[in-house]
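Hi everyone, thanks for coming. I'd like to walk you through the empty spaces and the packing in one model, so have a look at it first.

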Amino acid sequence: MNEPKQEKRPGVMIYFETKNCIKRLDLEEKGRLLDAILDYGENHIEPNFSEEEDIALCVAWDVICPRIDNDAHRYFEKCISAQYSNYCKTAKSEGKEPLPRGEWEIKYSIRNRS
């Protein structure tokens, strides 16, 4: 059986509640915020907004960043569940007893990849 692979997220979610925290930003600021969201979601690069000059962006980021992190965690958990399910099906089709999930995660160092 193959070792589980690390799934890369296809993107980030932008929730309707975000609209309230960005409604006073001008188009340039919204563009910078969108770039920051995508950079952080894809490569975990923190934006370097200046607290003196970009206070509105900083406040918006403080609202948005935890959502990105929570979504990334949920996505990772779904990937682990899908991979474990696939592992169990493969093991059973080969006439083997699958490891319990906790042992499977330890064997393949699943939690050390996030």
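**Cavities and cores**

By the rule used here, there are two cavities of 30 Å³ or more. A cavity is a set of points on a 1 Å grid over the protein atoms alone where a 1.4 Å probe fits but cannot get out; points are joined across faces, edges and corners, and a volume is the space filled by probe spheres set on them. Do keep in mind that this is a predicted model, where local features need pLDDT of at least 70, side-chain atom pairs count only at pLDDT 80 or more, and totals for chains, interfaces and linings use all residues. Residues are numbered from 1 along each chain as its sequence is written, and side-chain values use heavy atoms, with hydrogens and water left out.

The second largest cavity holds about 50 Å³ of space. Its lining (residues with an atom within 4 Å of a point) consists of Met13, Ile14, Tyr15, Thr18, Ile37, Ile64 and Arg67.

Let's follow Ile37. Beyond its neighbours within four places in sequence, Ile37 is in contact (heavy atoms within 4.5 Å) with Val12, Trp61, Ile64 and Ile68.

Now the largest nonpolar core, meaning buried (under 20% relative accessible area, 1.4 Å probe, protein chains only) Ala, Val, Leu, Ile, Met, Phe, Trp, Tyr and Cys residues joined through side-chain atoms within 4.5 Å. This core has 13 residues, and Leu33, Ile37, Phe49, Trp61 and Ile68 have the most contacts inside it. Apart from it there is another core of eight residues, including Cys88 and Trp104.

Finally, Asp54 is buried, because its relative accessible area is 9%. Setting aside residues up to four places away in sequence, Asp54 touches Arg32 and Phe49.

Terms used. 1 Å grid on protein atoms, 1.4 Å probe; cavity = no way out; pocket = protein on both sides within 12 Å on 5 of 7 lines; lining within 4 Å. Buried < 20%, exposed > 50% of the residue type's maximum accessible area, 1.4 Å probe, protein only.
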